[in-house]
Amino acid sequence: MADLKSMTFVQQVRQAYEQVVAAIIRPPRTSYEPRHLGPRLFEFLGRSFERRDFVVLNSRGHTLVCSRWQPTNFRARMLPTLIFMHGNA
């Protein structure tokens, strides 16, 4: 990064704009390991749950890493699903 004193006003504005874009509009992706999501098997309010991790390839060829939490003992044929989308902003 250049010294602010040696930069023109236009260069300073351009640099400030690029920093705002990088920080707010297109921040870097957060990286984390599956272990950061907690244990695969856990209890909540007296019920047992399991996390299943899987990968989906989208239409643009990007890998989407997904997790599904569900009760270990359930009788319903179908369960409601809540999807959280992790955005960059």
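This short report walks through the salt bridges, an aromatic pair and a nonpolar surface patch in a predicted model.

Let's begin with the charged side chains. The structure holds three salt bridges, listed here with their N to O distances.

| Salt bridge | Closest N and O atoms |
|---|---|
| Arg40 with Asp53 | 3.1 Å |
| Glu50 with Arg52 | 3.5 Å |
| Arg51 with Asp53 | 2.9 Å |

Through shared partners, Arg40, Arg51 and Asp53 are joined into one network of salt bridges. Where do Arg40 and Asp53 lie? Arg40 sits in the loop between H1 and strand S1 (41-44), while Asp53 belongs to strand S2 (residues 47-57), so their salt bridge ties together parts that are 13 residues apart in sequence.

The surroundings of these residues are worth a look too. Arg51 is buried, at 3% relative accessibility. Arg40 is partly exposed, with a relative accessible area of 45%, and Asp53 is partly exposed at 27%. In the Glu50 and Arg52 bridge, Glu50 is partly exposed at 24% relative accessibility, and Arg52 is partly exposed at 44%.

Next come the rings. The count comes to one aromatic pair. Phe42 and Phe49 are stacked, with 5.8 Å centre to centre and 15° between the planes. Phe49 counts as buried because its relative accessibility of 17% is under 20%, whereas Phe42 is partly exposed at 28%.

Finally, there is a nonpolar patch on the surface: Phe9, Val10 and Val13 make up about 320 Å² of it. Val13 lies in helix H1 (residues 9-25) and is partly exposed, at 44% relative accessibility.

Technical notes: Residues numbered from 1 in each chain as written. Predicted model: local features only at pLDDT ≥ 70, side-chain atom pairs only at ≥ 80, totals over all residues. Heavy atoms only, no water. Patch = residues over 30% accessible without salt bridge, like charges linked within 9 Å, V, L, I, M, F, W, Y side chains within 5 Å. Areas by Shrake-Rupley, 256 points an atom, 1.4 Å probe, with all protein chains shown as cover. Salt bridge = Lys/Arg side-chain N within 4 Å of Asp/Glu carboxyl O. Helix = DSSP H or I, 4+ residues; strand = E, 2+ residues; numbered from the N terminus. Buried < 20%, exposed > 50% of the residue type's maximum accessible area, 1.4 Å probe, protein only. Phe/Tyr/Trp six-rings, centres within 6.5 Å; stacked < 30°, edge-to-face > 60°.
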